[in-house]
Amino acid sequence: MEGVTESNPLAYLASWSQELEARAQRVRALIGDAHWLSDGNHKEALLREFLRRYLPPGLVITNGFVRSSSAENNCSPEVDILIVDPSVHSPFFAEGELQIVPPTSVIAHIEVKTMFAADTVKIALSNICRTQTVVGRLADASRIWRCICFYAIPESRTAETIIETLSNAIKHLIEEQGPFSNEASLLSHLPTCIVTVSGYLVFFSLNDDQKLKIRLFELGSVDVSSQP
């Protein structure tokens, strides 16, 4: 019917990544290389704001630390994005955007990085693993959703080089953290997924032989103009 606009769910989904990319580039366009820390903090804030719009209102989306009250020095590294349920347990500390929370209240945690690169992958994997270790001392770590989000990836990167970088980073993680009891234990300390905005999506799983498997999907750009 003339004048009637049909629904387009793909265009709606594509607009999410386009919105994040556009808003993230505004600060970089103004400050250039002047202050990378401010740029990184801005990207974290954008993603926290985005999640607040779409997650249930009872959850708290913040940044901070996971801290067990039952052991000394049992604290996670600083987490870029913490998603917690305060109805389970109240935070130990809450002031502004910073919270220190018990493991039992954690729903998810996310590392946010600007560019996919070998060093940043290693750092992000280490932070995810260390946070999972803290959570696992008082709660079921496998139930926690965890993610690494990269805003950009070099154009020269291919699926093969991404998998190679991740494989090397996991080997480094095992050397850094010490051997895991089995592949399932390693899996519970890795991210649930790794995503690059409008780029790639990576999942980890176990194959039939109970060995770790890396599954990579190329998202690309959704061509909404060709949709009916």
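**How many residues lie between S3 and S4 in their hairpin, and which residue in the turn has a positive phi?** The hairpin formed by S3 and S4 has 2 residues between its strands. In the turn sits Gly96, with a positive phi of about 65°. Please keep in mind, here and in every view that follows, that this is a predicted model.

**Figure 1. The whole chain at a glance.** Before zooming in further, let us meet the full protein chain. Its secondary structure comes to 5 helices and 9 strands. If you walk along the sequence, you meet them in the pattern α-α-β-β-β-β-β-α-β-α-α-β-β-β. The chain has 228 residues, and 38% of them are buried. Of the contacts with a separation of 6 or more, 60% are made by residues 24 or more positions apart. The protein chain exposes about 12400 Å², with carbon and sulfur atoms supplying 55% of that area.

**Figure 2. Strand S4 and its two partners.** Strand S4 covers residues 98–101. On the hairpin side, strand S3 (residues 93–95) pairs with S4 in the antiparallel sense over 3 bridges. You can find one such match by looking for Phe93, whose bridge partner in S4 is Ile100. Strand S1 (residues 60–66) also pairs with S4, but here the strands run parallel and 4 bridges join them. To spot this pairing, look for Asn63, which has Leu98 as its bridge partner in S4.

**Figure 3. The two faces of S4.** In a regular strand, side chains alternate between the two faces of the sheet. Which residues of S4 point to the face where side chains are buried? They are Gln99 and Val101. Leu98 and Ile100 point to the other face and are not buried.

**Figure 4. Glu44 in helix H2.** This view moves to helix H2, which spans residues 36–54 and includes Glu44. Is Glu44 buried or exposed? Glu44 counts as buried because its relative accessibility is 12%, and the cut-off for buried is under 20%. Setting aside its neighbours within four places in sequence, Glu44 is in contact with Asp80, Ile81 and Val112. Take a look at Asp80 in particular: 36 residues separate it from Glu44 in sequence, yet their C-alpha atoms are 6.5 Å apart in space.

**Figure 5. Val88 in a loop.** Val88 belongs to the loop between strand S2 (79–84) and S3. With a relative accessible area of 42%, Val88 is partly exposed. Not counting residues up to four places away in sequence, Val88 touches Thr104 and Ser105. Along the chain, Val88 and Ser105 are 17 residues apart, and their C-alpha atoms are separated by 5.5 Å.

**Figure 6. A cavity and its lining.** How can we look for a space inside a model? Rolling a probe the size of a water molecule over the atoms shows where empty space is left. A search of the whole structure finds 1 cavity of 30 Å³ or more. About 50 Å³ of space lies in the largest cavity. Its lining is made up of Phe116, Ile153, Ile162, Leu166, Ile194, Val195, Thr196, Tyr200 and Val202. The elements giving two or more residues to this lining are helix H4 (159–177), strand S7 (193–196) and strand S8 (200–206). The largest share, 3 residues, comes from S7. By type, the lining residues divide into 8 nonpolar and 1 polar, with no charged residue.

How values were computed:
Residues are numbered from 1 along each chain as its sequence is written. This is a predicted model: local features need pLDDT of at least 70, side-chain atom pairs count only at pLDDT 80 or more; totals for chains, interfaces and linings use all residues. Side-chain values use heavy atoms; hydrogens and water are left out. Buried means under 20% relative accessible area, exposed over 50%, partly exposed in between (1.4 Å probe, protein chains only). Contact means heavy atoms within 4.5 Å. On a 1 Å grid over the protein atoms alone, a cavity is a set of points where a 1.4 Å probe fits but cannot get out, and a pocket is an open set with protein on both sides within 12 Å along at least five of seven lines; lining residues have an atom within 4 Å of a point. Grid points are joined across faces, edges and corners, and a volume is the space filled by probe spheres set on the points. Ala, Val, Leu, Ile, Met, Phe, Trp, Tyr, Cys and Pro count as nonpolar, Asp, Glu, Lys and Arg as charged, and the others, Gly among them, as polar. Two strands pair if DSSP finds at least two bridges between them. Accessible areas come from the Shrake-Rupley method with a 1.4 Å probe; for residues, only the protein chains shown count as cover.
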